[in-house]
Amino acid sequence: MARTPKKIKRAKGNSRPVPVKKTRRSAAVPKEKPPAFSKPVPSPSPWKTAWFHPLQTIRTVLQTNPRQGLPIIAFTYGLTQLIGMAEFRWGEYMELWAIVLVCIVLAWPLGYIAIHVQGWFLEVAGGIMGGYATNKQTTAVVIWGNVTTLINPFLDSFLILMVGKAVFMKNPDPQEVGLWGALIIGIVAVTHLLRIVWSAILIIGQLAEVHQFSRWKAAATLLILYSVGLFFAYLGRIL
């Protein structure tokens, strides 16, 4: 078979033909697909993150709605405070159904007022210590720092069902309470104590975040608030 002649070209300024070298064709590179349009990932609900991710929770709340969660947590927080007050004397002069009714009716107004008063106090006290948070921010801290009170209605309902009116007596009859009743009271009391400690941890972290200062200053600010609260609680018991 006759060979096909090589293609040649002539260089500029030179009459001699220059053979053209064949180059290998590069393999076709597959085109990358354009990235698919992705929607922005929404922040997780604060109800899911409040217990174990307080900083993420307070950032999300402040970016969306600082008053989010107020209706529910104001009720559970107020109910917690009222039941705590009722456990000392109310059972001596009120029926069980009346105690429960009063606590349910007054829970939301008391919780709403208490949350805003504490928010104002944390704003002022934190500002004295060099913080920069606004009242909306500190109120949001109080709301989501007390998310732990959501378990209190279940604990207190269980306690009332098992022990009865003795829960609201200052010195209940040991025979009326019984061994199991005393054990249940102890378990619920320890659970409440752990809840209070965890709530303080949540508030300290969030307070340091919004005030932009150290957690030590946040802890000191919260300690002042608790001291004032205990003082008024003591006055309420002796009066």
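Here are some notes on the fold, the packing and a few individual residues of this predicted model.

1. **How far to trust it.** Since everything here rests on a prediction, let's begin with confidence. The mean pLDDT of the protein is 84, and 80% of the residues reach 70 or more. Helix H5 comes out best, at 97, while strand E1 (residues 8–10) sits at the bottom with a mean of 50. Keep an eye on residues 34–38 too: pLDDT stays under 50 there, and the model gives this stretch zero contacts beyond four places in sequence.

2. **Overall layout.** You are looking at eight helices and two strands. Walk along the sequence and the order is β-β-α-α-α-α-α-α-α-α, with the strands ahead of the helices. Of the contacts with a separation of 6 or more, 72% are between residues 24 or more positions apart.

3. **Inside versus outside.** Out of 239 residues, 33% count as buried. The protein exposes about 16600 Å², and carbon and sulfur atoms supply 67% of that area.

4. **The largest nonpolar core.** This core has 27 residues, and those touching the most other members are Ile-115, Val-141, Ile-143, Trp-144, Val-147, Leu-207 and Val-210. Two or more residues each come from helices H2 (54–64), H3 (70–93), H4 (96–128), H5 (135–145), H7 and H8 (215–238). H7 is the top contributor to this core, with six residues.

5. **Leu-207 up close, and a second core.** Leaving out residues up to four places away in sequence, Leu-207 touches Leu-122, Thr-138, Val-141, Phe-213, Ala-218 and Thr-221. Apart from the core just described there is another one, of 18 residues, and Ala-86, Ile-160, Ala-166 and Val-177 are among them.

6. **The salt bridge.** How many salt bridges does a search of the whole structure find? It finds one. The side chains involved are those of Glu-209 and Arg-59, at 3.0 Å from N to O. Glu-209 belongs to helix H7 and Arg-59 to helix H2, so this pair ties together parts that are 150 residues apart in sequence. Neither partner is buried: Glu-209 is partly exposed at 29% relative accessibility, and Arg-59 is partly exposed at 42%.

7. **A nonpolar patch on the surface.** Phe-52, Leu-193, Val-197, Trp-198 and Ile-201 make a nonpolar surface patch of about 500 Å². Leu-193 lies in helix H7 (residues 174–211) and counts as exposed, because its relative accessibility is 52% and the cut-off for exposed is over 50%. Ile-201 is also found in H7, but at 42% relative accessibility Ile-201 counts as partly exposed. The C-alpha of Ile-201 is 8.2 Å from that of Gly-145, although the two are 56 residues apart in sequence.

8. **Asn-152, a polar side chain to look at.** Is Asn-152 buried or exposed? Asn-152 is buried, with a relative accessible area of 1%, where the limit for buried is under 20%. You'll find Asn-152 in helix H6 (residues 152–163). Setting aside neighbours within four places in sequence, Asn-152 is in contact with Thr-80, His-192 and Arg-195.

9. **Gly-84 and Phe-168.** Gly-84 is in helix H3 and is partly exposed, with a relative accessible area of 26%. Along the chain, Gly-84 and Phe-168 are 84 residues apart, yet their C-alpha atoms are separated by 9.0 Å.

10. **An odd backbone angle at Gln-212.** Where does Gln-212 sit? Its place is in the loop between H7 and H8. Gln-212 has a positive phi of about 60° although it is not a glycine. Gln-212 counts as exposed, at 61% relative accessibility.

11. **Helix H7 pulled together.** Several of the points above come back to this helix. H7 gives six residues to the largest nonpolar core, holds Glu-209 of the salt bridge, and carries Leu-193 and Ile-201, both of which belong to the nonpolar surface patch. The loop that contains Gln-212 lies between H7 and H8.

How values were computed:
Residues numbered from 1 in each chain as written. Heavy atoms only, no water. Patch = residues over 30% accessible without salt bridge, like charges linked within 9 Å, V, L, I, M, F, W, Y side chains within 5 Å. Areas by Shrake-Rupley, 256 points an atom, 1.4 Å probe, with all protein chains shown as cover. Salt bridge = Lys/Arg side-chain N within 4 Å of Asp/Glu carboxyl O. Helix = DSSP H or I, 4+ residues; strand = E, 2+ residues; numbered from the N terminus. Buried < 20%, exposed > 50% of the residue type's maximum accessible area, 1.4 Å probe, protein only. Core = buried A, V, L, I, M, F, W, Y, C linked by side-chain atoms within 4.5 Å. Contact = heavy atoms within 4.5 Å. pLDDT = per-residue confidence, 0-100.
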